[in-house]
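Dear colleague,

I am handing over the structure we spoke about, and I would be glad if you could open it beside this message while you read. My notes on what was found in it follow below.

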Amino acid sequence: MAFSKIHNSIFMPISFLIIISMIASTSAGLLPFSKKHVVIINKLVTRATLILHCKNKEEDKGVISLGPGDSFDFRFRVNLRKTTVYTCSFAWPGNTATFDIFRADRDDNPKSKVGVCSECIWSIYEPAPCRDRRDGGQPNCFQWDGFP
């Protein structure tokens, strides 16, 4: 009898966690803690080196230098309140700009104009950062947040 109570007290929470994990992995953008993979590709038309620095409130990804066509990526999980934001500063000869490379309200929201991405692939051009579409369609380009 005691074994049964112990077994149930261990089995039930583990079963619950497994079910939640399975749901989270198949329902992009519907649950907190969804896995994200951000990829940033230097597609500057001038073929200049792109210097970037990405961070959020808790984590600093450091300063990265990307040659033409090179990429940088990082992985994380969206926080419980779905307020995760990663902001990047970008610099190339004669220019600096900033952009929220991941915003949960835009990139992990099924109701957003651009939809949910679990792998968020960004091509960085001089006029705008563009999130590539998995279906090969026209990318979604955005204005820089800060462009002095």
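In the hairpin made by strand 5 and strand 6, where 2 residues lie between the strands, Gly94 takes a positive phi near 85°; please keep in mind here, and throughout, that the model is a predicted one. The two strands of this hairpin, strand 5 with residues 85–92 and strand 6 with residues 95–103, are paired in the antiparallel sense through 8 bridges, and Val85 is found opposite Arg103 of strand 6.

There is also an open sheet of 5 strands, which follow the order 4-1-7-8-9 with mixed pairing. Strand 4 (71–77) and strand 9 (140–141) are at its edges, and because each has a single partner strand, one side of each is left without a neighbour in the sheet. Within this sheet, strand 1 (residues 35–42) and strand 7 (residues 119–124) run parallel and are joined by 6 bridges, with Cys120 in strand 7 serving as the bridge partner of Val38.

Val38 appears again in the largest nonpolar core, which has 28 residues, and it is listed there with Ile40, Phe74, Phe90, Ile101 and Phe102 as having the most contacts inside that core. At least two residues of this core come from each of strand 1, strand 2 (50–55), strand 4, strand 5, strand 6 and strand 7.

Which residues does Ile40 contact, leaving aside its neighbours within four places in sequence? Among them are Leu52, Cys54, Leu66, Phe74, Phe90, Ile101 and Trp122, and also Asp70 and Ser71.

With best wishes

Conventions. Residues numbered from 1 in each chain as written. Predicted model: local features only at pLDDT ≥ 70, side-chain atom pairs only at ≥ 80, totals over all residues. Heavy atoms only, no water. Pairing = 2+ DSSP bridges. Helix = DSSP H or I, 4+ residues; strand = E, 2+ residues; numbered from the N terminus. Core = buried A, V, L, I, M, F, W, Y, C linked by side-chain atoms within 4.5 Å. Buried < 20%, exposed > 50% of the residue type's maximum accessible area, 1.4 Å probe, protein only. Contact = heavy atoms within 4.5 Å.
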